[in-house]
Amino acid sequence: GKGIAVFTSGGDSQGMNAAVRAVVRMGIYLGCKVYFIKEGYQGMVDGGINIVEANWSSVSSIIHLGGTVIGSARCQDFRERVGRMKAAKNLINRGITNLVIIGGDGSLTGANLFRQEWSSLLDELLANGEITPEQRNKYRVLNIAGLVGSIDNDFCGTDMTIGTDSALHRIIEATDAIISTAYSHQRTFIMEVMGRHCGYLSVVSALTSEADFVFCPESPPPEDWEKRLCTKLEQERTAGQRLNIIIVAEGAIDREGKAITAEQVRKVIVENLHQDTRVTVLGHVQRGGSPSAFDRILGCRMGAEAVMALMEAKEDTVPCVISLDGNQAIRLPLMDCVKRTQAVAKAMANKQWEDAVDLRGKS
Ligand code: ADP
């Protein structure tokens, strides 16, 4: 059978384990030899004990765990050609020519580059006598399928990235907890949530927690936001509300592109309204804990589809990313999605917020 390896790279997210499990079991079911590569690209470059064959039971009892049991890492070596040469040799030594990568846009970009270079890496390994001409020929094609694991939902081409739904659950649990204490003491709470340059977590958590105000990266507030915020908070209290909740995305900015921080918002409220105001930074709690049912199923479906894509790949098939489109698992060209994701980042940096939202929305 074919040699398949699965690895997780970049920031972790809940549901990665479900995806790893699905890849292993679908691969074995279809008669493949499936390997784990531990610690992301670092494990691929280092080889040795980092690349181990998986069996049916090695992925038992992991579907309910957060994070990634096979480890993830950021890897400088893989950014250099020498590192990628080592990685190629380690894969060939084990007969691996199919990769399922679970990571963010950086990791997927690296995978695409690896695939583009594969042929020339093999030529160089052959010239150095590190692989045989038979190996050069037998392993000439590297197939890649990518899955997006990220709590930020910041990848173009998929409706939901693996981990986003669980992070939302964490945020909502925390907000509900804060609301009860805020109610008792008539306090105002400012919650800082993750999402990098994507406002998905902040906007959805604001809508589902009945927040009074939200600051998110794609929609910087009007210049007079301080006044608007205070008026709104005051109105709510006058109408009998005992507390206020404000959500600030970690990537929130003003119309000049300058960061708006939770602390800054707190000062505005305290100075103008003298409300008892506290800041809660949720931080890594959002990435932790067990994955939601949605993320488990998403990971399962995406992992199984990735293996199918690899099985059906021809010599000239471009790397794909498995995406969720409505309720369908679909395959899209990996590099198109990565390029669009990078275009969003560029539009954001140029303060073209509407363009960024448009680009992200297109699927
Ligand atoms: P994420 O995948 O979550 O976006 P990073 O951007 O940190 O996270 O990427 C994870 C790893 O992927 C990097 O540490 C590096 O090993 C690899 N990588 C990222 N971009 C590239 C690239 N352009 N070329 C080669 N490898 C890359």
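## Exercises on a predicted model

Buried residues, meaning those with 20 or more other C-beta atoms (placed from the backbone) within 10 Å of their own, make up 48% of the 363 residues in the protein. The model is predicted, so that local features need pLDDT of at least 70 and side-chain atom pairs count only at pLDDT 80 or more, whereas totals for chains, interfaces and linings use all residues. Residues are numbered from 1 along each chain as its sequence is written.

**Exercise 1.** Check the span of helix 3 (residues 81–93) against the expected value, and state which of its residues are buried.

*Solution.* Step one takes the expected span as 1.5 Å times one less than the number of residues; for the 13 residues of helix 3 this gives 18 Å, in agreement with end C-alpha atoms that are 18 Å apart. Step two lists the buried residues of helix 3, which are Arg 84, Lys 86, Ala 87, Ala 88, Asn 90, Leu 91 and Ile 92. Step three follows the chain to Gly 95, just after helix 3, where phi is positive at about 70 degrees.

**Exercise 2.** Describe how helix 8 (residues 225–238) and helix 9 (residues 262–273) cross, and classify the residues in their contact.

*Solution.* Step one uses axes, which are lines fitted to C-alpha atoms over the stretch in contact, with angles from 0 to 180 degrees between N-to-C directions; the two axes come within 10 Å and cross at roughly 65 degrees. Step two sorts the residues of the contact (C-beta atoms, placed from the backbone, within 7 Å) of helix 8 with helix 9 into six nonpolar, one polar and two charged.

Key:
Helices (H or I, at least four residues) and strands (E, at least two) are DSSP runs, numbered from the N terminus. Ala, Val, Leu, Ile, Met, Phe, Trp, Tyr, Cys and Pro count as nonpolar, Asp, Glu, Lys and Arg as charged, and the others, Gly among them, as polar. A residue is buried if 20 or more other C-beta atoms lie within 10 Å of its own, exposed if 12 or fewer, and partly exposed in between; C-beta atoms are placed from the backbone.
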